[in-house]
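Biologist: I have just opened a structure that is new to me. Could you show me how to read its sheets and its surface?

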Amino acid sequence: MKVHSMAKWRWLEHVTDREQLLRLKVLANVPLFAGLSRRQLGKLLVKFFEKEYPSGETIFMEGEPGKALFIVLTGRVSICRALKEGDELLATLTAGGYFGELALIDDQPRFASVRAVEPSVLLILYKSDFDDLIEGHRTLAIRVMGNLLKTLAAYVRRAQSQPTAVTA
């Protein structure tokens, strides 16, 4: 009888479920999870929920408390901010796009609303599940938080480079 060392066992090579492989590939391409090993991605994947949204359904509203990170698995969503003149389209995301990442830090009110533009399937990671995961996985936590800080720094730099309106 041949015994296989767990250190040599590559679990992703043994995953045959096409849906799971798709989910893993999507996670691997999300900048927040850059640098995670396949094993770490697998530990992360089991914390996600999957939910379908029909075209036109609101995923969350501006002002609601942030509770989760969302990743577009299939479909298309729009991110809008309410202005006096009407809604301002901030972004449209397709497969692999993500939003709500600040909810992994705190539960402050959402900055914008998100709606499914077409039938969409989203992967959802609730902050409570993320917190449970990172508590026992220091390396994973450091990598994801480092990536999150890079994302936040990019937001700040982009905001600082925007011309500001001068009012009298």
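Modeller: We will go through the sheets, then the surface. Keep in mind that this is a predicted model.

Biologist: Let me begin with the general idea. How do strands of a sheet pair?

Modeller: Strands in a sheet are linked by backbone hydrogen bonds, and the pairing is either parallel or antiparallel. Here, one open sheet has four strands in the order E2-E7-E4-E5, and the pairing is antiparallel.

Biologist: Which strands stand at the edges of that sheet?

Modeller: Strand E2 (58-60) and strand E5 (86-94) do. Each has a single partner strand, so one side of each is left without a neighbour in the sheet. You can also look at the twist: neighbouring strands of this sheet are turned by 30° against each other on average, direction ignored.

Biologist: Now I would like to follow the pairs one at a time. Over how many bridges do E4 and E5 pair?

Modeller: Strand E4, residues 76-83, pairs with E5 over eight bridges, in the antiparallel sense. The connection from E4 to E5 is a hairpin of two residues. To find the register, look at residues that face each other: Val-77 is opposite Leu-93 in E5, and Ile-79 has Ala-91 of E5 as its bridge partner.

Biologist: What about the other neighbour of E4?

Modeller: That is strand E7 (residues 113-116), which pairs with E4 over four bridges, again in the antiparallel sense. Ile-79 stands opposite Val-114 in E7, while Val-77 stands opposite Ala-116 in E7.

Biologist: And where does E2 come in?

Modeller: E2 and E7 are antiparallel and pair over two bridges. Phe-60 has Val-114 in E7 as its bridge partner. So you can step across the sheet through Val-114, with Phe-60 on one hand and Ile-79 on the other.Biologist: What is the order of strands in the other open sheet?

Modeller: Its four strands follow the order E1-E8-E3-E6, with antiparallel pairing. Strand E1 (49-53) and E6 are the edge strands, each pairing on one side only. Two bridges join E6 to strand E3 (residues 68-74), and these strands run antiparallel. Within E6, Tyr-98 is the bridge partner of Ile-71.

Biologist: Which helix packs on this sheet?

Modeller: Helix H3 (residues 127-135) does, touching E1, E3 and strand E8 (120-126). The direction of H3 makes about 55° with that of E8.

Biologist: Let me turn to single residues. How are side chains arranged along a regular strand?

Modeller: They alternate between the two faces of the sheet. For a residue to look at here, take Leu-89, which lies in strand E5.

Biologist: Is Leu-89 buried or exposed?

Modeller: Leu-89 has a relative accessible area of 52%, and because exposed means over 50%, Leu-89 counts as exposed. Leaving out residues up to four places away in sequence, Leu-89 touches Ser-78, Ile-79 and Cys-80. You can also compare chain and space: Leu-89 and Ser-113 are 24 residues apart along the chain, and their C-alpha atoms are separated by 9.7 Å.

Biologist: Which residues make the nonpolar surface patch?

Modeller: Leu-102, Ile-105 and Tyr-155 make a patch of about 250 Å². Leu-102 sits in the loop between strand E6 (98-99) and E7. With a relative accessible area of 43%, Leu-102 is partly exposed.

Definitions and conventions:
Residues numbered from 1 in each chain as written. Predicted model: local features only at pLDDT ≥ 70, side-chain atom pairs only at ≥ 80, totals over all residues. Heavy atoms only, no water. Pairing = 2+ DSSP bridges. Axes fitted to C-alpha atoms, helices over the stretch in contact; angles between N-to-C directions. Patch = residues over 30% accessible without salt bridge, like charges linked within 9 Å, V, L, I, M, F, W, Y side chains within 5 Å. Areas by Shrake-Rupley, 256 points an atom, 1.4 Å probe, with all protein chains shown as cover. Salt bridge = Lys/Arg side-chain N within 4 Å of Asp/Glu carboxyl O. Buried < 20%, exposed > 50% of the residue type's maximum accessible area, 1.4 Å probe, protein only. Contact = heavy atoms within 4.5 Å.
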